[in-house]
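Hi there,

Here is the structure I promised to send over. Have a look at it first, and my notes follow underneath.

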Amino acid sequence: MTNKWVSSLEDVTGYIEDPRLLELLNYWSGKRAGRLAPSRQDIDPSEIGALLSCIYLVDFEEPDVFRYRLAGTEIAENFGHGNLKGKTLGDILSPDGKDFVTNRWMPVIRDGAVVCMKGQVYNTVNRYAFGERLLLPLADDPDGPLTGLLGVTVSRWMDTPGPEGRRNSDMILIKAAKLP
């Protein structure tokens, strides 16, 4: 697993393979309107209908709680739930899993980062999901703190751990402020 900070939009678009992630990145960028991040209210699910099954809106609560506001059916089913609304990472993951995911999502809030992951995106017993994930910051107030994230995860399930028995996805990060 590697984590790498990058410095240009081209680094991000060159890393992302699935066009749906690029579609969400472009949508989010358009909703920013010159701000660091759009607000939750700027996001209209009907405008990104092709992504509905694999997107999620997550609120952040100090000091380190991520709570699902909305999750597409593919996301909810991956965790064995029909609906993730109102659930925290602690509600759906083991304590170690919650800590791992929280640490990977915190740069979105703490650093104003756009986070892209590629590789094994879900770990379950005897099943492995490989794909890509994009996490984008949200802010309720134009000049206020970051208050949540908009994410998309696309994956395919396999019965083997894949190349080199990898257990976690690689990720790149870029400060949202560096994106046009």
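Of the 180 residues of the protein, 47% count as buried, where buried means under 20% relative accessible area, exposed over 50% and partly exposed in between, using a 1.4 Å probe and protein chains only. Please keep in mind that this is a predicted model, in which local features need pLDDT of at least 70 and side-chain atom pairs count only at pLDDT 80 or more, while totals for chains, interfaces and linings use all residues. Residues are numbered from 1 along each chain as its sequence is written, and side-chain values use heavy atoms, with hydrogens and water left out.

Now the overall fold. The protein has five helices and seven strands (DSSP runs numbered from the N terminus: H or I of at least four residues for helices, E of at least two for strands). Along the sequence they follow the pattern β-α-α-β-β-α-α-α-β-β-β-β. The radius of gyration, taken over C-alpha atoms, is 15 Å, close to the 16 Å from the globule rule (2.2 Å times the number of residues to the power 0.38), so the protein is as compact as a globular protein of 180 residues.

Next, the interior. In soluble globular proteins, nonpolar side chains tend to be buried together. Here the largest nonpolar core (buried Ala, Val, Leu, Ile, Met, Phe, Trp, Tyr and Cys residues joined through side-chain atoms within 4.5 Å) has 56 residues, and Leu24, Trp105 and Leu134 touch the most other members. Strand β4, residues 113–124, gives the most to this core, with seven residues. Leaving aside neighbours within four places in sequence, Trp105 is in contact (heavy atoms within 4.5 Å) with residues including Tyr56, Phe66, Met117 and Leu149.

You may wonder about the cysteines. The structure holds zero disulfides, a disulfide being a pair of cysteine sulfur atoms within 2.5 Å. For Cys54, the nearest cysteine sulfur is that of Cys116, 15 Å away. Cys54 is buried at 1% relative accessibility, and Cys116 is buried at 2%.

One last spot to look at is Asp18, in the loop between α1 (9–15) and α2 (19–32). Asp18 is buried, with a relative accessible area of 15%. Its side chain makes a polar contact of 2.8 Å with that of Arg20 (N or O atoms within 3.5 Å, one able to donate a hydrogen and the other to accept it; residues adjacent in sequence count only if both atoms are side-chain atoms). Beyond its neighbours within four places in sequence, Asp18 is in contact with Glu132 and Val154.

Best wishes
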